Amino acid sequence: MPVPVTDRVVLADVAFHPYTEAELVAAVAADSAAGRGGTIVTPNVDILRLTRRDSEARGHVTAASYVVADGTPLVWASRLAGAALPERVAGSNLIWSLSAALAARTGSVYLLGGPPGVADRAGTVLAQRYPGLVVAGAASPSYGFFDDPAELDAVCAAVVAARPDLVFVGLGFPKQERLIARLVPDLPRCWFVGCGAAIGFVAGEQRRAPAWMQRTGLEWLHRLASEPTRLARRYLVHDLPFAARLLLAAAAHRVPWPARPYRRLMPPPPTPEPDLPAVLAALNADRRRR
């Protein structure tokens, strides 16, 4: 059951669900078992910045069933403000944890995104890692497919025909959310995750930052070093100043000490399926090997 808006953590006018990754997976598993579909958005600093100036971006985020913070600076800002988010919940991690949860009940996933062949390779990796997971389909649409009505219709028709339990869409924000918005009415029991570069990470097309960089909020620096031409302006000119302003504003509006523990901001997470705790324990062991 979604957390009421009044119980969420608000940063830059975006209301975040104060879930850990495990709690989010449990919530989605419970919703899916009850026949409810939905969407997950994982704003980072760049997406949060876009919501401040772009109504389409803001609409995609506010319409999501679950909004979780995929950015360590956002977690830092929430702590400075005195209403701490428990942890970063990255789309690049959710592609593993949600797939593990689906495998426990022979659920199915569909993968959309990446250069030709990448989604297929990612599907193979996930199926091998999590026996029981059904890969209902995979596709890597051409770069300009949104401008080609015939290809766009074909991509959507293939997903709808597959009837997956969950679709990972890795086209970058907000293009992936536009595609999700088109698919949702035809798949009301399905879950959708806009996952950015996660499909490429799973396929081995790109390498994620080392774990210590992920923990310390430096994953963006690794991405910048990997793709300087594409990311330098976004990260250095736009995102860094916005992150600094966000942190300063959070500190200025801090609630009186002591800060409220994040668990007071949310109801108890939904009761997970009986086998989900074992799945998540195995996932944690698996993550240490990645």
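Are α7 and α8 parallel or oblique to each other? In this predicted model, the two helices are oblique to each other. The legends below begin with the whole chain and then turn to this helix pair and to several side chains.

**Figure 1. Overview of the predicted protein chain.** The protein chain contains 13 helices and eight strands. Of its 290 residues, 51% are buried. Among contacts in the protein chain with a separation of 6 or more, 75% are accounted for by residues 24 or more positions apart. Twelve salt bridges are present in the structure, and some of them are shown in the later views.

**Figure 2. Close-up of the crossing of helices α7 and α8.** Helix α7 spans residues 149-162 and helix α8 spans residues 175-183. Their axes come within 11 Å and cross at roughly 60°. An angle of this kind lies outside the range of 65 to 115 degrees that counts as roughly perpendicular and is not under 35 degrees, so the two helices are described as oblique. The crossing in which α7 passes α8 is right-handed. On the α7 side, the contact is made by Leu-152, Asp-153, Cys-156, Val-159 and Val-160. On the α8 side, Leu-179, Arg-182 and Leu-183 take part. Sorted by class, this contact of α7 with α8 comprises six nonpolar residues, two charged residues and no polar ones.

**Figure 3. Close-up of Val-184 in the loop between α8 and β8.** Strand β8 covers residues 191-194. Val-184 has a relative accessible area of 31% and is therefore partly exposed. Val-184 lies 24 residues from Val-160 in sequence, while their C-alpha atoms are 9.5 Å apart in space. Val-160 is also one of the α7 residues in the contact with α8. When neighbours within four places in sequence are left aside, Val-184 is in contact with Thr-39 and Phe-192.

**Figure 4. Close-up of the salt bridge between Asp-31 and Arg-36.** Side chains of opposite charge can pair when their charged atoms come close. Here the side chains of Asp-31 and Arg-36 meet with an N to O distance of 2.7 Å. The two partners fall into separate burial classes: Asp-31, at 3% relative accessibility, counts as buried, whereas Arg-36, at 42%, counts as partly exposed.

**Figure 5. Close-up of the salt bridge between Arg-178 and Glu-56.** The closest N and O atoms of this pair are 2.5 Å apart. Arg-178 belongs to helix α8 and Glu-56 to helix α3 (residues 55-62), so the pair links distant parts of the chain, 122 residues apart. Arg-178 counts as partly exposed at 37% relative accessibility. Glu-56 is likewise partly exposed, with a relative accessible area of 29%.

**Figure 6. Close-up of the salt bridge between Arg-208 and Glu-219 and its network.** The side chains of Arg-208 and Glu-219 meet at 2.9 Å, N to O. Arg-208 is placed in the loop between α9 (198-203) and α10 (211-215), and Glu-219 in helix α11 (residues 219-226), so this salt bridge ties together parts that are eleven residues apart in sequence. Both Arg-208 and Glu-219 are buried. The two residues also belong to a network of salt bridges that links Asp-70, Arg-88, Arg-208 and Glu-219.

Key: Residues numbered from 1 in each chain as written. Predicted model: local features only at pLDDT ≥ 70, side-chain atom pairs only at ≥ 80, totals over all residues. Heavy atoms only, no water. Axes fitted to C-alpha atoms, helices over the stretch in contact; angles between N-to-C directions. Helix = DSSP H or I, 4+ residues; strand = E, 2+ residues; numbered from the N terminus. Parallel < 35°, antiparallel > 145°, perpendicular 65-115°, else oblique. Left-handed = near helix turned anticlockwise from the far one by under 90°. Contact = heavy atoms within 4.5 Å. Nonpolar A, V, L, I, M, F, W, Y, C, P; charged D, E, K, R; others polar. Salt bridge = Lys/Arg side-chain N within 4 Å of Asp/Glu carboxyl O. Buried < 20%, exposed > 50% of the residue type's maximum accessible area, 1.4 Å probe, protein only.
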